[in-house]
Amino acid sequence: MSPIQTEIFITGVTGYIGGSILSRLLEHPDHRSHHITVLVRSEERSHKFQELGIKSVTGSLKDLPLLEDLAANADIVISTADSDDLDATRAILQGQKRYHALTGRASILIHTFLLVWHRWGSPFQSRVDQLSDVTVLGVLTDDAVGNYPGETIYDDMDLEQIEGLADTQLHRDVDLEIVKADKEGYIKSYIILPSTIYGIASGRIAELGLQNRQSIQIPVLIRAALARGRSGIVGEGKNIWVNVHIDDIADLYIVLFNAIKSSPDKVGHGREGFYFSENGEHTLYQVGKAIGEALVSLGKTTDPEPSSFTKEEVEMYLFGNTVPWGTNSRCRANRSRLIGWAPSKTTSYIGGAVLTRFLKHPDFASFKITALLRSPEKAEKLKTLGVDAVVGSHDDAKLMESLAADHDVVIATVQALVMQIRLFVIDAFDFVQADADNYEAAIATLNGLKKRHTETGVLADTAGGNFAGETIYDDANPDQIETLPDTQLHRNVDLEILRADIEGYLKSYIVFPSTIWGIATGVLVEKGIANSHSIQVPALIRASLKRGRAGMIGAGKNLWPDSIVADLYIVLFDSIRSNPSTGHGREGIYFGETGEHSLYEVGKAIGEAMVALGKSDNPEPTTFTKEEIDKYFGGSDYLGSNSRCRANRSRAIGWKTVKTKADFLASIKSEHPDFASFKITNLVRSPEKAEKLKALGVGVVVGSHSDKGLMESLAADSDVVFAMADADNLDAATATLNGLKKRHAKTGTPPVLIETGNYNTETIYDDADPNQIETLPDTQPHRNIDLAILRTEKEGE
């Protein structure tokens with residue numbers, strides 16, 4: 001019996017959010033029971049959607065009778081287009097009223113609040129018209145004009161607070177119309193309010209070029225900065241917005257969709273159906289400063305400090321509208337998290353790894369650890385681990401000074417935001433991390449600090465990938481380090497810290513990480529507090545996946561050191577406590593490196609991983625074109641520079657490096673962007689190999705295929721089984737099938753078995769000809785196993 005079809009109608013599928021939702025619905029476990037209809041303006045795109053098996057109707061939100069008819073035939077309507085179009089909303093609601101009259105059931109409306117400008121004459125107008133959605137939480141904004149941080153924080157669980165919003169608030173008329181319809185009973189409404197969305201959209205719709213892949217809010221600031229020759233902010237940029245990654249917001253729609261289908265009575269709707277999306281906060285000054293740093297590093301300006309947009313510039317670059325860039329928009333997504341939404345894009349990579357090691361430190365009970373972070377939810381999780389968490393930001397100078405004044409040791413494990421924003425323009429990994437270039441935060445910290453401080457920095461040139469640098473910095477050679485120009489990345493912060501050490505009111509220790517690699521583990525990652533990935537190699541992997549082949553800057557001859565650096569912080573910390581003569585100040589520079597690699601070697605390892613994963617047919621990396629560097633790295637050839645060093649001082653205090661370049665290159669496959677969503681278990685005979693696999697983040701069981709009970713147990717816990725060992729072991733195959741049968745009984749979803757066979761015949765077989773394959777005699781090697789697998793598949797297990 002075929003499953004009951006769910007009729008789904010979606011608007012805005014060529015947009016940033018809508019296309020991401022559609023990609024996930026196409027991959028949904030129940031996708032065969034979904035019949036999806038989309039509304040698109042372009043007839044050409046409409047045909048492409050139809051090729052995907054989607055019913056595509058050509059039209060626009062202005063075609064009100066068409067909208068009404070499409071909504072009248074849908075069980076679920078997902079609206080991700082213009083959230084201010086009251087006429088379009090009323091047409092959809094009228095169609096849903098007809099559905100109710102015909103079926104007696106209330107249909108579902110999942111509506112998105114987005115902000116769209118219609119202002120002619122702007123140099124960016126064509127861009128705005130092209131993109132159907134500017135993803136901001138505009139309904140919760142104020143009139144700060146960048147001059148103060150807002151104190152009001154909206155909670156999607158607080159009905160009285162939400163209902164206290166003025167009727168004149170942005171989108172409010174549409175919001176009230178939808179909630180009224182829910183109250184009348186002919187729909188169930190769910191309203192999602194995105195915040196500042198970042199990251200490059202991915203998925204099937206994006207890959208086919210059918211949707212916009214970028215947001216607008218920050219790209220508009222970047223374009224304005226390029227046009228005016230300097231980064232800009234509205235007012236003083238003190239206003240605060242929440243942020244969320246495009247993957248996380250798309251996941252919220254699917255989590256809500258699943259919850260509505262599985263437990264409709266348990267999911268709030270109507271006045272209790274507002275779902276916020278946020279996973280952290282930022283000030284617009286932070287964004288402006290990061291853009292400025294990126295422009296300086298790209299040679300587009302000489303001053304990284306953002307300046308205020310003039311009234312004329314607001315008209316020219318911001319469409320005369322300061323709302324998305326000058327207001328405060330703060331909220332907490334408690335209702336969204338309550339239904340199971342767990343946004344995964346988090347904050348610091350190094351910081352989380354270091355804190356994890358402190359939690360395991362033998363003297364942990366004697367430490368009073370305070371962590372500064374933006375997210376109240378993460379703060380609460382840290383408190384359960386015995387860490388005193390303070391909610392705030394590095395831009396709060398008074399808070400930074402106060403915290404530093406109360407502590408004996410300050411560890412600032414932040415990474416350079418300038419690199420982060422360069423990647424953000426084309427493919428952000430996280431949105432805003434704390435900033436190693438934040439001069440004001442460093443000054444505030446120094447004003448309060450009385451003992452010790454650590455910070456991070458970078459050594460790099462402009463090789464463009466075309467030669468191996470000859471300069472090798474030695475952390476035990478302070479004279480060499482002092483030759484670094486004052487304009488070097490982070491150098492102004494380093495110099496300020498070194499001056500403070502000379503003045504004698506603190507002892508400073510500056511750690512320079514290199515290419516950090518590996519998947520971070522530990523309780524902070526497990527609880528979703530810390531980010532598990534680095535940036536540099538994942539950025540290369542994403543670019544390679546998108547272009548279909550591994551890439552490199554220039555000839556990839558440039559050299560970088562590599563390391564897993566978190567242990568260095570603990571070794572240094574212990575050395576400082578036990579040996580007061582540990583080098584500090586000008587003799588307190590500590591590099592992190594365990595070896596060197598060329599970027600060609602990294603590209604080759606990525607290429608080999610792509611071939612193994614079926615993402616490319618050629619492991620050899622090719623040179624990124626100028627257009628690709630612009631597209632994937634924001635025009636920066638930073639990954640083509642040399643950055644060579646020797647960690648002699650670090651090793652002198654007892655830092656022992658175990659991982660080598662070979663380990664680094666072998667780990668690259670585990671940096672695949674989907675790897676974090678896999679729970680991989682490998683069955684091996686050798687305990688030694690098992691330990692090596694564990695180091696790569698792979699679950700390992702030591703045993704053999706002859707252990708039928710083990711084989712069945714492992715298969716019963718797996719959604720996908722790759723059988724690549726003895727193809728003649730019928731007992732092992734039968735045990736695997738029995739386990740997969742149990743998995744199907746438990747989950748209701750047929751698991752997947754990918755078996756490896758081997759036929760030696762003179763006949764040329766065609767894998768697209770099942771009739772020919774079925775003529776193989778039952779006595780053919782492995783055939784008994786194949787038949788057992790096919791019987792199980794036919795039974796639906």
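The following exchange goes through the packing of one chain in a predicted model.

Biologist: How many helices and strands are there in the chain, and what percentage of its residues count as buried?

Modeller: The chain contains 33 helices and 31 strands. It has 797 residues. The share of these that count as buried is 56%.

Biologist: Among contacts between residues at least 6 apart in sequence, what percentage join residues at least 24 apart?

Modeller: A contact here is a pair of heavy atoms within 4.5 Å. Of the contacts between residues at least 6 apart, those joining residues at least 24 apart make up 77%.

Biologist: Which helix gives the largest share of the largest nonpolar core?

Modeller: That core has 71 residues, and Ile10, Leu22, Ile36, Val38, Phe49, Ile78 and Ile110 touch the most other members. The largest share of this core is 9 residues, and they come from helix α10 (residues 246-262).

Biologist: Which residues is Ile110 in contact with, leaving aside neighbours within four places in sequence?

Modeller: Ile110 belongs to the group of core residues that touch the most other members. With those sequence neighbours set aside, its contacts are Val77, Ile78, Ser79, Tyr190, Ile192, Tyr253, Leu256 and Ile260.

Biologist: What covers the buried residues of α3?

Modeller: Helix α3 spans residues 64-72, and its buried residues are Leu67, Leu70, Ala71 and Ala72. The cover includes four strands and a helix: β1 (6-11), β2 (34-40), β3 (55-58), β4 (76-79) and α4 (86-103).

Biologist: Are α4 and α7 roughly parallel or roughly antiparallel to each other?

Modeller: Helix α7 covers residues 172-184, and its axis lies 10 Å from that of α4 at an angle of about 10°. Angles under 35 degrees count as roughly parallel. The two helices are therefore roughly parallel.

Biologist: How do the residues of the contact of α4 with α7 divide?

Modeller: On the α4 side are Leu86, Thr89, Arg90, Leu93 and Lys97, which meet Asp173, Val174, Glu177, Ile178, Ala181 and Glu184 in α7. The division is 5 nonpolar, 1 polar and 5 charged.

Biologist: Is the crossing of α23 and α26 left-handed or right-handed?

Modeller: The axes of α23 (residues 536-547) and α26 (residues 626-633) come within 10 Å and cross at roughly 120°. That makes α23 oblique to α26. The crossing is right-handed.

Biologist: How do the residues of the contact of α23 with α26 divide?

Modeller: Helix α23 brings Ala539, Leu540, Ala543, Lys546 and Arg547 against Glu628, Tyr632 and Phe633 of α26. The division is 5 nonpolar, no polar and 3 charged.

Definitions and conventions: Residues are numbered from 1 along each chain as its sequence is written. This is a predicted model: local features need pLDDT of at least 70, side-chain atom pairs count only at pLDDT 80 or more; totals for chains, interfaces and linings use all residues. Side-chain values use heavy atoms; hydrogens and water are left out. A nonpolar core is a set of buried Ala, Val, Leu, Ile, Met, Phe, Trp, Tyr and Cys residues joined through side-chain atoms within 4.5 Å. Buried means under 20% relative accessible area, exposed over 50%, partly exposed in between (1.4 Å probe, protein chains only). Axes are lines fitted to C-alpha atoms, for helices over the stretch in contact, and angles run from 0 to 180 degrees between N-to-C directions. Angles under 35 degrees count as roughly parallel, over 145 as roughly antiparallel, 65 to 115 as roughly perpendicular and the rest as oblique. A crossing is left-handed if the near helix is turned anticlockwise from the far one by less than a right angle, and right-handed if clockwise. Ala, Val, Leu, Ile, Met, Phe, Trp, Tyr, Cys and Pro count as nonpolar, Asp, Glu, Lys and Arg as charged, and the others, Gly among them, as polar.
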